[in-house]
Amino acid sequence: MAGAEDGEDGVNGITSRLLRGKQDNDPIGDYANGDVVGAVSRPGDSSITAALVFSIFVAVCGSFAYGCAGAWSLDIGRLLQGVGVGIMLYTTPIYIAEIAPKNLRGGSVLINQLMICLGISTMFFCGTAISWRVLGLIGIAPLVVQFLCLSFIPESPRYLAKIGRAEECEAVLQRLRGENVDISLEAADIEEYTNALESIPRGNFFLLFQRQYAYALTVVLGLMIFGQLNGNTGILYYVSEIFEYAGCSSSIGSVAMAIIQLPSAVVGVFVMDRSGRQPIGMISAAGCCFACIITALSFVLKENQWSKSASPYLVLIGILFYSVAYTMGMGGLPFLMMSEILPLHIKGTAGGLATGVNWFSSWVVSYTFNFLLDWSSSGTFFILAGVNALLVLFIAKVVPETKGRTLEEIQESVTHFQGRA
(Lines give C-alpha, C1' and ligand atoms only; values in the text may rest on other atoms or scores of the structure.)
Protein backbone atom coordinates (compact mmCIF):
# COMPACT_ATOMS: atom_id res chain seq x y z
CA MET A 1 0.00 0.00 0.00
CA ALA A 2 2.95 2.28 -0.58
CA GLY A 3 2.19 5.45 -2.38
CA ALA A 4 -0.98 6.23 -0.53
CA GLU A 5 0.07 9.85 -0.47
CA ASP A 6 0.34 9.94 -4.25
CA GLY A 7 -3.40 10.09 -4.75
CA GLU A 8 -3.97 13.44 -3.11
CA ASP A 9 -5.13 15.05 -6.32
CA GLY A 10 -7.70 12.33 -6.93
CA VAL A 11 -11.37 12.44 -6.05
CA ASN A 12 -11.01 11.44 -2.43
CA GLY A 13 -7.54 12.90 -2.14
CA ILE A 14 -9.14 16.35 -2.22
CA THR A 15 -11.05 15.60 0.93
CA SER A 16 -8.04 13.88 2.45
CA ARG A 17 -5.85 16.93 1.88
CA LEU A 18 -8.28 19.28 3.61
CA LEU A 19 -8.97 16.91 6.51
CA ARG A 20 -5.28 16.31 7.10
CA GLY A 21 -4.68 20.05 7.02
CA LYS A 22 -6.98 20.51 9.98
CA GLN A 23 -5.77 17.49 11.93
CA ASP A 24 -2.04 18.10 11.45
CA ASN A 25 -2.15 21.46 13.21
CA ASP A 26 -4.94 20.93 15.68
CA PRO A 27 -2.60 20.21 18.63
CA ILE A 28 -1.46 23.85 18.45
CA GLY A 29 -4.98 25.20 18.64
CA ASP A 30 -6.08 22.69 21.22
CA TYR A 31 -3.14 23.34 23.54
CA ALA A 32 -3.94 27.04 23.27
CA ASN A 33 -7.43 26.22 24.54
CA GLY A 34 -5.95 26.05 28.03
CA ASP A 35 -5.60 29.84 27.89
CA VAL A 36 -8.43 30.85 25.54
CA VAL A 37 -11.19 28.74 27.02
CA GLY A 38 -9.68 28.92 30.47
CA ALA A 39 -11.48 32.25 30.64
CA VAL A 40 -14.51 30.28 31.77
CA SER A 41 -12.76 29.47 35.03
CA ARG A 42 -11.29 32.90 35.73
CA PRO A 43 -13.56 35.83 36.63
CA GLY A 44 -13.14 38.94 34.53
CA ASP A 45 -11.78 37.17 31.47
CA SER A 46 -13.60 36.66 28.19
CA SER A 47 -16.24 33.98 27.71
CA ILE A 48 -16.73 30.90 25.56
CA THR A 49 -18.59 32.95 22.95
CA ALA A 50 -15.57 35.24 22.68
CA ALA A 51 -13.38 32.18 22.13
CA LEU A 52 -15.76 31.02 19.40
CA VAL A 53 -15.58 34.40 17.66
CA PHE A 54 -11.80 34.25 17.75
CA SER A 55 -11.71 30.69 16.43
CA ILE A 56 -14.09 31.52 13.56
CA PHE A 57 -11.95 34.49 12.54
CA VAL A 58 -8.80 32.38 12.51
CA ALA A 59 -10.51 29.58 10.56
CA VAL A 60 -11.81 32.06 7.96
CA CYS A 61 -8.29 33.37 7.45
CA GLY A 62 -7.12 29.78 7.07
CA SER A 63 -9.78 28.96 4.47
CA PHE A 64 -8.90 32.11 2.52
CA ALA A 65 -5.21 31.20 2.57
CA TYR A 66 -6.14 27.73 1.32
CA GLY A 67 -7.60 29.21 -1.83
CA CYS A 68 -4.58 31.39 -2.66
CA ALA A 69 -1.75 30.28 -4.89
CA GLY A 70 1.59 29.13 -3.55
CA ALA A 71 2.96 26.57 -1.12
CA TRP A 72 3.40 29.11 1.69
CA SER A 73 -0.26 30.13 1.60
CA LEU A 74 -1.26 26.47 1.75
CA ASP A 75 0.91 25.86 4.81
CA ILE A 76 -0.38 29.02 6.50
CA GLY A 77 -3.94 27.98 5.70
CA ARG A 78 -3.38 24.55 7.23
CA LEU A 79 -1.91 26.15 10.35
CA LEU A 80 -4.69 28.72 10.80
CA GLN A 81 -7.45 26.23 10.15
CA GLY A 82 -5.86 23.89 12.64
CA VAL A 83 -5.83 26.60 15.32
CA GLY A 84 -9.37 27.79 14.59
CA VAL A 85 -10.95 24.36 14.29
CA GLY A 86 -9.01 23.10 17.31
CA ILE A 87 -10.55 25.80 19.51
CA MET A 88 -14.03 25.27 18.09
CA LEU A 89 -13.88 21.51 18.62
CA TYR A 90 -13.41 22.13 22.33
CA THR A 91 -15.55 25.19 22.99
CA THR A 92 -18.65 23.95 21.15
CA PRO A 93 -19.39 20.83 23.27
CA ILE A 94 -18.48 22.74 26.45
CA TYR A 95 -20.98 25.47 25.62
CA ILE A 96 -23.73 23.02 24.66
CA ALA A 97 -23.22 21.01 27.86
CA GLU A 98 -23.47 24.15 29.98
CA ILE A 99 -26.78 25.35 28.49
CA ALA A 100 -28.58 22.02 27.89
CA PRO A 101 -30.97 20.48 30.45
CA LYS A 102 -29.58 17.37 32.13
CA ASN A 103 -32.04 14.98 30.47
CA LEU A 104 -31.10 16.18 26.97
CA ARG A 105 -27.45 17.06 27.46
CA GLY A 106 -25.93 13.93 25.89
CA GLY A 107 -27.96 14.10 22.70
CA SER A 108 -27.52 17.86 22.46
CA VAL A 109 -23.72 17.58 22.59
CA LEU A 110 -23.78 14.77 20.02
CA ILE A 111 -25.62 17.04 17.60
CA ASN A 112 -22.22 18.67 17.22
CA GLN A 113 -20.82 15.29 16.12
CA LEU A 114 -23.75 14.93 13.71
CA MET A 115 -22.91 18.27 12.12
CA ILE A 116 -19.25 17.23 11.82
CA CYS A 117 -20.34 14.04 10.03
CA LEU A 118 -22.55 16.13 7.75
CA GLY A 119 -19.61 18.39 6.95
CA ILE A 120 -17.27 15.49 6.21
CA SER A 121 -19.87 13.80 4.02
CA THR A 122 -20.48 17.05 2.15
CA MET A 123 -16.74 17.40 1.52
CA PHE A 124 -16.58 13.87 0.14
CA PHE A 125 -19.36 14.64 -2.34
CA CYS A 126 -18.12 18.13 -3.28
CA GLY A 127 -14.60 16.77 -3.72
CA THR A 128 -15.76 14.71 -6.68
CA ALA A 129 -16.47 17.85 -8.73
CA ILE A 130 -14.59 20.79 -7.18
CA SER A 131 -10.89 21.51 -6.92
CA TRP A 132 -9.46 21.50 -3.42
CA ARG A 133 -8.57 25.21 -3.54
CA VAL A 134 -12.16 26.18 -4.40
CA LEU A 135 -13.34 23.78 -1.72
CA GLY A 136 -11.17 25.62 0.80
CA LEU A 137 -12.73 28.95 -0.16
CA ILE A 138 -16.23 27.49 0.05
CA GLY A 139 -15.43 26.63 3.67
CA ILE A 140 -15.64 30.35 4.48
CA ALA A 141 -19.42 30.38 3.93
CA PRO A 142 -20.49 28.21 6.91
CA LEU A 143 -18.01 30.04 9.12
CA VAL A 144 -19.60 33.38 8.23
CA VAL A 145 -23.06 31.97 8.93
CA GLN A 146 -21.86 30.66 12.30
CA PHE A 147 -20.35 34.05 13.15
CA LEU A 148 -23.63 35.83 12.40
CA CYS A 149 -25.60 33.32 14.47
CA LEU A 150 -23.39 33.92 17.52
CA SER A 151 -25.16 37.23 18.08
CA PHE A 152 -28.40 35.34 18.78
CA ILE A 153 -27.12 32.81 21.33
CA PRO A 154 -27.09 33.53 25.08
CA GLU A 155 -24.03 33.45 27.28
CA SER A 156 -23.45 30.34 29.38
CA PRO A 157 -25.40 30.70 32.66
CA ARG A 158 -22.56 29.01 34.54
CA TYR A 159 -20.11 31.58 33.23
CA LEU A 160 -22.46 34.40 34.28
CA ALA A 161 -22.73 32.89 37.77
CA LYS A 162 -18.97 32.55 37.92
CA ILE A 163 -18.40 36.28 37.30
CA GLY A 164 -21.08 37.31 39.80
CA ARG A 165 -23.94 38.19 37.43
CA ALA A 166 -26.59 36.11 39.21
CA GLU A 167 -29.60 37.98 37.81
CA GLU A 168 -28.42 37.51 34.24
CA CYS A 169 -27.72 33.86 34.99
CA GLU A 170 -31.33 33.34 36.09
CA ALA A 171 -32.65 35.28 33.10
CA VAL A 172 -30.66 33.14 30.67
CA LEU A 173 -31.74 29.94 32.41
CA GLN A 174 -35.38 31.03 32.19
CA ARG A 175 -34.96 31.79 28.50
CA LEU A 176 -33.34 28.41 27.86
CA ARG A 177 -35.80 26.32 29.89
CA GLY A 178 -39.01 28.15 29.00
CA GLU A 179 -41.20 30.80 30.62
CA ASN A 180 -43.32 28.37 32.64
CA VAL A 181 -40.46 26.28 34.02
CA ASP A 182 -39.28 26.74 37.62
CA ILE A 183 -35.52 27.29 37.40
CA SER A 184 -34.98 28.35 41.03
CA LEU A 185 -33.48 25.02 42.14
CA GLU A 186 -31.14 24.77 39.15
CA ALA A 187 -30.02 28.38 39.58
CA ALA A 188 -29.40 27.80 43.28
CA ASP A 189 -27.32 24.69 42.56
CA ILE A 190 -25.20 26.59 40.03
CA GLU A 191 -24.67 29.51 42.41
CA GLU A 192 -23.82 27.22 45.33
CA TYR A 193 -21.29 25.28 43.28
CA THR A 194 -19.60 28.36 41.81
CA ASN A 195 -19.42 29.98 45.25
CA ALA A 196 -17.74 26.87 46.61
CA LEU A 197 -15.11 27.16 43.90
CA GLU A 198 -14.07 30.60 45.12
CA SER A 199 -12.03 29.01 47.92
CA ILE A 200 -10.18 26.74 45.48
CA PRO A 201 -6.98 27.93 43.75
CA ARG A 202 -7.41 29.13 40.18
CA GLY A 203 -6.73 26.69 37.37
CA ASN A 204 -3.14 26.21 36.22
CA PHE A 205 -1.33 23.34 34.58
CA PHE A 206 0.23 21.88 37.73
CA LEU A 207 -3.09 22.00 39.58
CA LEU A 208 -4.32 19.24 37.25
CA PHE A 209 -2.04 16.69 38.85
CA GLN A 210 -3.54 16.93 42.31
CA ARG A 211 -5.00 13.65 43.54
CA GLN A 212 -8.60 14.90 43.61
CA TYR A 213 -8.55 15.46 39.84
CA ALA A 214 -6.75 12.24 38.92
CA TYR A 215 -9.91 10.26 38.24
CA ALA A 216 -11.57 12.86 36.01
CA LEU A 217 -8.35 13.40 34.07
CA THR A 218 -7.83 9.64 33.67
CA VAL A 219 -11.32 9.22 32.21
CA VAL A 220 -10.99 12.10 29.78
CA LEU A 221 -7.43 11.40 28.62
CA GLY A 222 -8.15 7.68 28.37
CA LEU A 223 -11.15 8.25 26.12
CA MET A 224 -9.25 10.78 24.01
CA ILE A 225 -6.32 8.43 23.44
CA PHE A 226 -8.38 5.29 22.89
CA GLY A 227 -10.75 7.24 20.65
CA GLN A 228 -7.87 7.84 18.25
CA LEU A 229 -5.81 4.67 18.67
CA ASN A 230 -8.86 2.58 17.77
CA GLY A 231 -8.17 3.50 14.15
CA ASN A 232 -10.84 5.93 13.00
CA THR A 233 -8.41 8.61 11.84
CA GLY A 234 -6.29 6.17 9.83
CA ILE A 235 -9.32 4.54 8.23
CA LEU A 236 -10.80 7.92 7.34
CA TYR A 237 -7.57 9.17 5.75
CA TYR A 238 -6.68 5.98 3.88
CA VAL A 239 -10.12 4.58 3.11
CA SER A 240 -9.55 4.87 -0.64
CA GLU A 241 -6.30 2.94 -0.45
CA ILE A 242 -7.91 0.28 1.77
CA PHE A 243 -10.71 -0.30 -0.73
CA GLU A 244 -8.35 -0.30 -3.70
CA TYR A 245 -6.02 -2.82 -2.10
CA ALA A 246 -8.99 -5.06 -1.30
CA GLY A 247 -10.15 -4.87 -4.93
CA CYS A 248 -13.22 -2.75 -4.18
CA SER A 249 -14.18 0.48 -5.93
CA SER A 250 -12.75 3.33 -3.86
CA SER A 251 -15.37 5.79 -5.15
CA ILE A 252 -18.31 3.56 -4.25
CA GLY A 253 -16.81 2.66 -0.89
CA SER A 254 -15.98 6.23 0.10
CA VAL A 255 -19.39 7.58 -0.92
CA ALA A 256 -21.14 4.73 0.92
CA MET A 257 -19.05 5.49 4.02
CA ALA A 258 -19.96 9.18 3.82
CA ILE A 259 -23.66 8.40 3.46
CA ILE A 260 -23.91 5.81 6.22
CA GLN A 261 -22.31 8.08 8.85
CA LEU A 262 -25.30 10.43 8.93
CA PRO A 263 -28.06 8.02 10.06
CA SER A 264 -25.73 6.42 12.60
CA ALA A 265 -24.93 9.85 14.06
CA VAL A 266 -28.67 10.57 14.29
CA VAL A 267 -29.18 7.31 16.17
CA GLY A 268 -26.44 8.32 18.61
CA VAL A 269 -28.17 11.64 19.29
CA PHE A 270 -31.43 9.94 20.24
CA VAL A 271 -30.11 6.98 22.26
CA MET A 272 -27.35 8.65 24.29
CA ASP A 273 -29.69 10.16 26.89
CA ARG A 274 -31.99 7.13 26.93
CA SER A 275 -29.44 4.34 27.24
CA GLY A 276 -26.60 6.21 28.92
CA ARG A 277 -22.99 7.01 28.11
CA GLN A 278 -21.45 3.77 29.34
CA PRO A 279 -23.69 1.29 27.47
CA ILE A 280 -23.50 3.23 24.20
CA GLY A 281 -19.73 3.57 24.52
CA MET A 282 -19.30 -0.15 25.14
CA ILE A 283 -21.59 -1.09 22.25
CA SER A 284 -19.76 1.34 19.96
CA ALA A 285 -16.30 0.02 20.90
CA ALA A 286 -17.45 -3.61 20.64
CA GLY A 287 -18.90 -2.86 17.21
CA CYS A 288 -15.60 -1.33 16.07
CA CYS A 289 -13.76 -4.39 17.38
CA PHE A 290 -16.06 -6.76 15.47
CA ALA A 291 -15.74 -4.66 12.29
CA CYS A 292 -11.93 -4.69 12.51
CA ILE A 293 -11.94 -8.48 12.90
CA ILE A 294 -14.13 -8.83 9.79
CA THR A 295 -11.81 -6.54 7.81
CA ALA A 296 -8.70 -8.33 9.06
CA LEU A 297 -10.11 -11.73 8.11
CA SER A 298 -11.00 -10.46 4.65
CA PHE A 299 -7.38 -9.45 4.10
CA VAL A 300 -6.25 -12.85 5.38
CA LEU A 301 -8.42 -14.45 2.68
CA LYS A 302 -6.95 -12.16 0.05
CA GLU A 303 -3.32 -12.56 1.13
CA ASN A 304 -3.62 -16.36 1.15
CA GLN A 305 -5.75 -16.40 -2.02
CA TRP A 306 -8.40 -18.51 -0.32
CA SER A 307 -11.42 -16.54 -1.50
CA LYS A 308 -10.36 -13.54 -3.55
CA SER A 309 -13.91 -12.89 -4.79
CA ALA A 310 -15.34 -12.55 -1.28
CA SER A 311 -12.57 -10.34 0.11
CA PRO A 312 -13.71 -7.00 -1.44
CA TYR A 313 -17.25 -7.44 -0.13
CA LEU A 314 -16.06 -8.35 3.36
CA VAL A 315 -13.78 -5.28 3.45
CA LEU A 316 -16.67 -3.06 2.37
CA ILE A 317 -18.95 -4.57 5.03
CA GLY A 318 -16.25 -4.27 7.70
CA ILE A 319 -15.40 -0.63 6.98
CA LEU A 320 -19.04 0.44 6.75
CA PHE A 321 -19.90 -1.41 9.96
CA TYR A 322 -16.93 0.28 11.66
CA SER A 323 -18.12 3.68 10.45
CA VAL A 324 -21.60 3.07 11.85
CA ALA A 325 -20.34 1.79 15.21
CA TYR A 326 -17.79 4.58 15.69
CA THR A 327 -20.07 7.43 14.66
CA MET A 328 -22.93 6.23 16.88
CA GLY A 329 -20.89 6.36 20.08
CA MET A 330 -17.13 6.83 20.23
CA GLY A 331 -17.19 9.65 17.69
CA GLY A 332 -18.66 12.05 20.24
CA LEU A 333 -18.31 10.31 23.61
CA PRO A 334 -14.80 11.60 24.50
CA PHE A 335 -15.81 15.24 24.03
CA LEU A 336 -19.16 14.66 25.75
CA MET A 337 -17.45 13.23 28.83
CA MET A 338 -14.88 16.01 28.77
CA SER A 339 -17.62 18.64 28.78
CA GLU A 340 -19.42 16.90 31.66
CA ILE A 341 -16.87 15.72 34.22
CA LEU A 342 -14.09 18.32 34.19
CA PRO A 343 -14.59 20.70 37.15
CA LEU A 344 -15.26 24.32 36.22
CA HIS A 345 -12.09 25.77 37.74
CA ILE A 346 -9.75 23.48 35.76
CA LYS A 347 -11.91 23.06 32.66
CA GLY A 348 -9.88 25.41 30.48
CA THR A 349 -6.46 24.00 31.32
CA ALA A 350 -7.56 20.36 31.52
CA GLY A 351 -9.62 20.68 28.36
CA GLY A 352 -6.70 22.20 26.49
CA LEU A 353 -4.50 19.31 27.61
CA ALA A 354 -7.14 16.71 26.72
CA THR A 355 -7.87 18.01 23.24
CA GLY A 356 -4.15 18.48 22.58
CA VAL A 357 -3.55 14.85 23.55
CA ASN A 358 -6.48 13.86 21.35
CA TRP A 359 -5.11 15.47 18.22
CA PHE A 360 -1.54 14.44 18.93
CA SER A 361 -2.81 10.86 19.09
CA SER A 362 -4.65 11.53 15.83
CA TRP A 363 -1.41 12.71 14.22
CA VAL A 364 0.45 9.62 15.42
CA VAL A 365 -2.22 7.33 13.95
CA SER A 366 -2.43 9.21 10.65
CA TYR A 367 1.37 9.21 10.31
CA THR A 368 1.90 5.53 11.12
CA PHE A 369 -1.21 4.00 9.57
CA ASN A 370 0.17 3.75 6.04
CA PHE A 371 3.38 2.14 7.31
CA LEU A 372 1.31 -0.41 9.21
CA LEU A 373 -0.70 -1.20 6.09
CA ASP A 374 2.55 -1.69 4.16
CA TRP A 375 3.68 -4.08 6.88
CA SER A 376 0.47 -6.13 6.99
CA SER A 377 -3.10 -5.12 6.17
CA SER A 378 -4.59 -7.98 8.16
CA GLY A 379 -2.18 -7.43 11.06
CA THR A 380 -3.11 -3.74 11.20
CA PHE A 381 -6.79 -4.48 11.67
CA PHE A 382 -6.14 -7.25 14.18
CA ILE A 383 -4.18 -4.67 16.22
CA LEU A 384 -7.09 -2.22 15.95
CA ALA A 385 -9.47 -4.97 17.09
CA GLY A 386 -7.30 -5.48 20.18
CA VAL A 387 -7.28 -1.75 20.95
CA ASN A 388 -11.08 -1.63 20.71
CA ALA A 389 -11.36 -4.66 23.00
CA LEU A 390 -9.27 -2.80 25.58
CA LEU A 391 -11.50 0.23 25.08
CA VAL A 392 -14.56 -1.84 25.98
CA LEU A 393 -12.88 -2.84 29.26
CA PHE A 394 -11.80 0.74 29.96
CA ILE A 395 -15.35 2.06 29.56
CA ALA A 396 -16.80 -0.77 31.66
CA LYS A 397 -14.35 -0.39 34.54
CA VAL A 398 -13.37 3.28 34.59
CA VAL A 399 -15.86 5.57 32.80
CA PRO A 400 -18.75 6.74 35.07
CA GLU A 401 -22.38 7.01 34.04
CA THR A 402 -23.47 10.65 33.90
CA LYS A 403 -26.95 10.30 32.40
CA GLY A 404 -29.63 12.37 34.14
CA ARG A 405 -27.25 14.20 36.50
CA THR A 406 -26.50 17.91 36.61
CA LEU A 407 -22.99 19.11 35.79
CA GLU A 408 -22.54 20.18 39.40
CA GLU A 409 -23.48 16.72 40.70
CA ILE A 410 -21.15 15.01 38.23
CA GLN A 411 -18.17 17.25 38.88
CA GLU A 412 -18.57 17.06 42.65
CA SER A 413 -18.73 13.25 42.55
CA VAL A 414 -15.65 12.80 40.36
CA THR A 415 -13.48 15.17 42.38
CA HIS A 416 -14.38 13.29 45.58
CA PHE A 417 -14.13 9.89 43.95
CA GLN A 418 -13.55 6.96 46.27
CA GLY A 419 -14.85 4.15 44.07
CA ARG A 420 -16.80 3.71 40.86
CA ALA A 421 -19.13 6.68 40.35
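The buried residues of α10 (buried meaning under 20% relative accessible area with a 1.4 Å probe, protein chains only) pack against α11 (232-237), α15 (311-330), α16 (333-341), α17, α18 (377-397) and α19 (407-415); contact here is heavy atoms within 4.5 Å, and helices are DSSP runs (H or I, at least four residues) numbered from the N terminus. This is a predicted model, with local features needing pLDDT of at least 70 and side-chain atom pairs pLDDT 80 or more, while totals for chains, interfaces and linings use all residues. Residues are numbered from 1 along each chain, and side-chain values use heavy atoms, leaving out hydrogens and water.

Helix α10 itself runs over residues 214-229. Of its 16 residues, 12 are buried, so α10 is largely enclosed by the rest of the structure. Among those tucked away are Tyr215, Leu217, Leu223 and Phe226. Just past the end of α10 sits Gly231, with a positive phi of about 105°.

Then there is the largest nonpolar core, a set of buried Ala, Val, Leu, Ile, Met, Phe, Trp, Tyr and Cys residues joined through side-chain atoms within 4.5 Å. It holds 77 residues, and Leu223 is one of those touching the most other members, as are Ile319 and Phe381. The biggest contribution to this core comes from α10, with 9 residues. Leaving aside residues up to four places away in sequence, Leu223 touches Met330, Pro334, Met337, Leu391, Phe394, Ile395 and Val399. A second, separate core has 9 residues, including Leu160 and Ile190.

Over in helix α17 (residues 347-375) lies Phe360, which is partly exposed at 48% relative accessible area, that is, between the 20% and 50% limits.

Technical notes. Helix = DSSP H or I, 4+ residues; strand = E, 2+ residues; numbered from the N terminus. Expected span 1.5 Å × (residues − 1).
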